[in-house]
Amino acid sequence: MKPVETEFEGLTLYPRHLDAAAQKALAIELVQAFERAPPYRPKMPRTGKPWSIRQTNFGALGWVSQPQGYGYAARDEVNNAPWPAIPEALLALWQEVAAYPAPPECCLVNLYEEPRARMGLHRDEDEAALDAPVVSLSLGDTCVFRVGGFARGDKSKSFRLSSGDVLVMGGPSRLRFHGVDRVISGSSQLIPGGGRINLTLRRVTKPA
Ligand code: MD3
Ligand code: FE
C-alpha cells in the first residue's frame, strides 16, 4: 500500500507494508533469535519498577534501561552475550524507507504479551544521530498508538497500528512524544499465544 503522510510532518505510515507471508517468515526468524537473546523484563531507572512489556535487541548496540538511566550497550548484560544481528528483512526495510546514508545500529524489540501491556509517553532521545529517522514495524495484535508534540502536555492524536504496518518518524517529528495506550487482544493470529511485537530500527551514532 502507498505511504500515508500524517498531519505531522515527517511521520509517515506504510499500512500493511509487509504481507502475511513476510510477516510469518519474520515472526519465525524472531522466535529463533529469541533463543540467543531471550526477552527480559526491564526495570525503570532508579525506582526499579518493572515494565509491563519485555524487551531484547538485535544489532551492534542495544537500547537498555539500567539503574543509572537509559542508554545503549554493545552487550546483552542479562544474557551475557552480544546481541544477535539485525535480520536481513529489517535491514532491507530500513533501506527502503529510511532515506538515510548509513544502516541502523539498533533494533529494539518490544513484546506486548499481557492484555494490560503499554508504553508511557516518552521521546526517543538517546541517539546521537537525531538526523536519522526511527523506523518501526508492528507485528501481531493491533495497538492504539499516541503521538503528541514536543512537550509532555501538548495535544496528541491516536492511531491504530496493525500487523505489517511500518511507521517512519523523521524530520521535524523525530523528537515528538509518543506511546502505546493499549493492545487489542485477539486482533491477530500471527503470534502463537497472541500479543504484539514492535521492532524499532535506529541509527545511534553519527556515520563517519
Ligand atoms: C513517533 N515503541 O520503542 S514504535 C520505542 O510500539 C517505542 O513499541 C513503540 O516508542 C512501540 O521507543 C512505538 C513507533 C515510534 C517510535 C518512535 C517515535 C513512534 C514515534 C518517535 C517520534 C514519534
Ligand atoms: Fe519510542
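Select His-122 together with ligand 1: in this predicted model, a polar atom of the His-122 side chain is placed 3.1 Å from an oxygen atom of the ligand. Next, add Asp-124, where a side-chain N or O atom lies 3.2 Å from an oxygen atom of ligand 1. Then display Tyr-112, which brings a polar side-chain atom to 2.6 Å from a ligand oxygen atom. With the protein surface switched on, one may inspect how ligand 1 is enclosed: the protein covers 99% of the 500 Å² of accessible area that the ligand has on its own.

Now hide ligand 1 and view the space it takes, which is the largest pocket. Colour the strands that give two or more residues to the shell around the ligand: β8 (106-112), β9 (119-122), β10 (134-140), β14 (178-183) and β15 (196-202). Strand β15 deserves a separate selection, for it supplies the largest share of the shell, four residues.

Restore ligand 1 and select the 19 residues around it; those that come nearest are Asn-110, Tyr-112, His-178, Arg-196 and Arg-202. Colouring the shell by residue class gives seven nonpolar, seven polar and five charged residues.

Finally, centre the view on ligand 2, the iron ion. Which residues coordinate the iron ion? The donors are His-122 through NE2, Asp-124 through OD and His-178 through NE2, at 2.0 to 2.2 Å. Along the chain, these donors follow the spacing H-x1-D-x53-H. To trace the chain segments involved, select the loop between β9 and β10, which holds Asp-124, and then strand β14, which holds His-178; the pair therefore ties together parts that are 54 residues apart in sequence.

As a last selection, show both ligands with His-122 and Asp-124. Each of these two residues is an iron donor; His-122 also has its polar side-chain atom 3.1 Å from an oxygen atom of ligand 1, and for Asp-124 the corresponding distance is 3.2 Å.

Conventions. Residues numbered from 1 in each chain as written. Chains lettered and ligands numbered in written order. Predicted model: local features only at pLDDT ≥ 70, side-chain atom pairs only at ≥ 80, totals over all residues. Heavy atoms only, no water. Near = heavy atom within 4 Å. Polar contact = N/O pair within 3.5 Å; in protein donor to acceptor, adjacent residues only side chain to side chain. Areas by Shrake-Rupley, 256 points an atom, 1.4 Å probe, with all protein chains shown as cover. 1 Å grid on protein atoms, 1.4 Å probe; cavity = no way out; pocket = protein on both sides within 12 Å on 5 of 7 lines; lining within 4 Å. Sits in = over half its atoms within 2 Å of the grid points. Nonpolar A, V, L, I, M, F, W, Y, C, P; charged D, E, K, R; others polar. Donors = N, O, S within 2.8 Å, 3.2 Å for Na, K, Ca; no water.
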